[in-house]
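Let's walk through this structure together, one question at a time. Have the sequence and the coordinates at hand as you read.

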Amino acid sequence: MILGLETSCDETAAALISPEGQVLADVVASQSDLHGRYGGVVPEVASRRHLELVAPVVRESLREAQAELADVRTVAVTQGPGLIGALLVGLSAAKGIAWARRLPLTPVDHLAGHVASLYLQPDPVEPPFLCLLASGGHTLLLDVLEPGSRRVLGSTLDDAAGEAFDKGARLLGLGYPGGAAIDRLAREGDPEAFDFPVARVDGLDFSFSGVKTALLYVVRGLEPEELERRRADLAAAYQRAIVRALVERTRQAAEATGASTIAVVGGVAANSELRAALPDAVFAPLRLCTDNAVMIASAARFVTPVPWPDYLALDAYASAPG
Ligand code: KG4
Ligand code: ZN
């Protein structure tokens with residue numbers, strides 16, 4: 001079995017999978033309630049909470065799989081990108097577990113993890129495909145020719161799509177994290193009620209800071225009762241703008257690369273309007289869209305493990321290398 005650990009942001013997660021990609025345990029302890037009152041993730045608070053939760057989630061994953069550490073062949077862990085303090089908790093825990101049992105350790109890139117959420121049983125997606133990765137920290141169009149490799153075709157010049165959802169939700173008083181809340185509220189609103197244009201930038205890149213500012217101005221111009229009354233319309237129109245931008249660029253990229261398969265991963269892949277707007281695309285399983293450790297264990301299958309005990313000096317990285 002592969003034991004996976006993920007602590008890059010505000011989810012403490014552990015998972016066990018078989019080398020063939022069968023999910024045996026999937027445990028996620030979300031800290032979103034803890035950070036909600038601050039309106040976003042507080043890095044130091046996240047690190048401390050990871051520290052408290054990391055051993056219990058590993059124990060819980062073993063219980064769920066009815067397994068023991070003796071069944072684990074390698075420990076996979078997110079090395080970056082993410083919050084550095086948060087990453088270090090997971091990495092240190094993984095080192096401790098692997099070192100004590102003389103196991104190899106497999107460092108995994110978080111973005112490779114999101115893509116690898118597509119490679120699990122019972123329906124693994126076979127490369128090549130075009131992948132839209134849209135999360136709270138990243139918005140990327142990737143050309144995936146084989147598992148474990150990817151070429152960046154486009155990315156966001158400012159905010160990530162999930163970040164745009166979260167900032168919009170905050171403006172609408174929906175709390176943190178806001179993507180799922182906007183998704184829910186938008187179902188009751190009229191997406192044509194407001195027009196939020198999304199800036200078109202050159203090539204296959206994205207820009208979401210303008211749409212957020214447009215929402216800010218509209219919200220500022222409304223009386224409190226009016227805002228309350230039109231909140232669902234605002235959510236629907238705002239979501240429509242973000243989804244349109246994502247879909248348009250993804251279709252363009254598919255045309256440019258001649259890709260016959262489009263796949264969508266990351267937290268925003270959970271969005272119901274996006275799922276409906278790309279009916280021919282393959283979406284990561286709903287449960288594996290937001291951060292989890294199953295995808296980290298899955299990605300580890302395509303990374304060379306670092307042998308015992310060479311990984312003890314391994315460091316985490318906050319932003320994507322190079
Ligand atoms: O992949 P993820 O868990 O974390 C990062 O790696 O960043 O993505 C979290 C992001 C948040 O911004 C959250 O608001 C967004 O995914 N999200 C959604 C939905 N569910 C989560 N955005 C839109 N619609 C949703 N249903
Ligand atoms: Zn993520």
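Q: How far does a polar side-chain atom of His110 lie from an oxygen atom of ligand 1?
A: Keep in mind that this is a predicted model. A pair of N or O atoms counts as a polar contact within 3.5 Å. For the polar side-chain atom of His110 and an oxygen atom of ligand 1, the distance is 3.2 Å.

Q: What share of the exposed area of ligand 1 does the protein bury?
A: Taken alone, ligand 1 exposes 560 Å². Around ligand 1 there are 18 residues, and the closest are Gly136, Asp166, Gly179, Asp183 and Asp291. The protein buries a share of that area equal to 89%.

Q: Which residue has a polar side-chain atom 3.0 Å from a nitrogen atom of ligand 1?
A: Ser135 can be set aside here, as an N or O atom in its side chain is 3.4 Å from an oxygen atom of ligand 1. The contact to a nitrogen atom of ligand 1, at 3.0 Å, comes from the side chain of Asn271.

Q: Which residues coordinate the zinc ion (ligand 2)?
A: Follow the spacing of the donor residues in sequence, which reads H-x3-H-x176-D. The pattern holds two histidines, each using NE2, and an aspartate using OD, at 2.0 to 2.1 Å. The residues are His110, His114 and Asp291.

Q: What is the geometry of the site of the zinc ion (ligand 2)?
A: Four donors count as tetrahedral if all angles lie between 85 and 135 degrees. The four donor atoms here make angles of 96 to 133°. The site of the zinc ion is therefore tetrahedral.

Q: Why are His110 and His114 separated by about one helical turn?
A: Both histidines belong to helix 4, which covers residues 110-116. Because they are four residues apart in that helix, their separation is about one helical turn.

Q: Is His114 buried or exposed?
A: Buried means under 20% relative accessible area. His110, at 6%, falls under that limit. His114 has a relative accessible area of 1%, so it is buried.

Q: Which parts of the chain does the salt bridge of Arg240 with Glu192 tie together?
A: A search of the whole structure finds 17 salt bridges, and in this one the closest N and O atoms are 3.3 Å apart. Arg240 and Glu192 are 48 residues apart in sequence, so the pair ties together helix 8 (residues 224-257) and the loop between helix 6 (179-186) and helix 7 (209-220).

Q: Is Glu192 buried or exposed?
A: Its partner Arg240 counts as partly exposed, at 23% relative accessibility. Over 50% counts as exposed. With 55%, Glu192 is therefore exposed.

Q: Which residue meets Glu248 in a salt bridge?
A: The N to O distance in this pair is 2.6 Å. Glu248 lies in helix 8, while its partner lies in the loop between helix 6 and helix 7, 48 residues apart. Glu248 is partly exposed at 35%, whereas the partner counts as exposed at 63%. That partner is Arg200.

Q: Why are Glu228 and Arg231 separated by about one helical turn?
A: Their side chains meet in a salt bridge with an N to O distance of 2.2 Å. Glu228 is partly exposed at 49%, and Arg231 is buried at 17%. The separation is about one helical turn because they are three residues apart in helix 8.

Q: Where is the proline that a cis peptide bond joins to Gly80?
A: Most peptide bonds are trans. The bond between Gly80 and Pro81 is cis, with omega of about -10°. Pro81 is found in the loop between strand 4 (74-80) and helix 3 (84-100).

Q: Which residue does a cis peptide bond join to Pro127?
A: Here omega is about 5°. The residue in question has its place in the loop between helix 4 and strand 6 (129-134). It is Pro128.

Q: What is the phi of Gln66?
A: Most residues other than glycine have a negative phi. Gln66 lies in the loop between helix 2 (43-64) and strand 4, and it is exposed at 74%. Although Gln66 is not a glycine, its phi is positive, at about 50°.

Methods:
Residues numbered from 1 in each chain as written. Chains lettered and ligands numbered in written order. Predicted model: local features only at pLDDT ≥ 70, side-chain atom pairs only at ≥ 80, totals over all residues. Heavy atoms only, no water. Donors = N, O, S within 2.8 Å, 3.2 Å for Na, K, Ca; no water. Tetrahedral: all angles 85-135°; square planar, octahedral: opposite > 155°, others 65-115°. Helix = DSSP H or I, 4+ residues; strand = E, 2+ residues; numbered from the N terminus. Buried < 20%, exposed > 50% of the residue type's maximum accessible area, 1.4 Å probe, protein only. Near = heavy atom within 4 Å. Polar contact = N/O pair within 3.5 Å; in protein donor to acceptor, adjacent residues only side chain to side chain. Areas by Shrake-Rupley, 256 points an atom, 1.4 Å probe, with all protein chains shown as cover. Salt bridge = Lys/Arg side-chain N within 4 Å of Asp/Glu carboxyl O.
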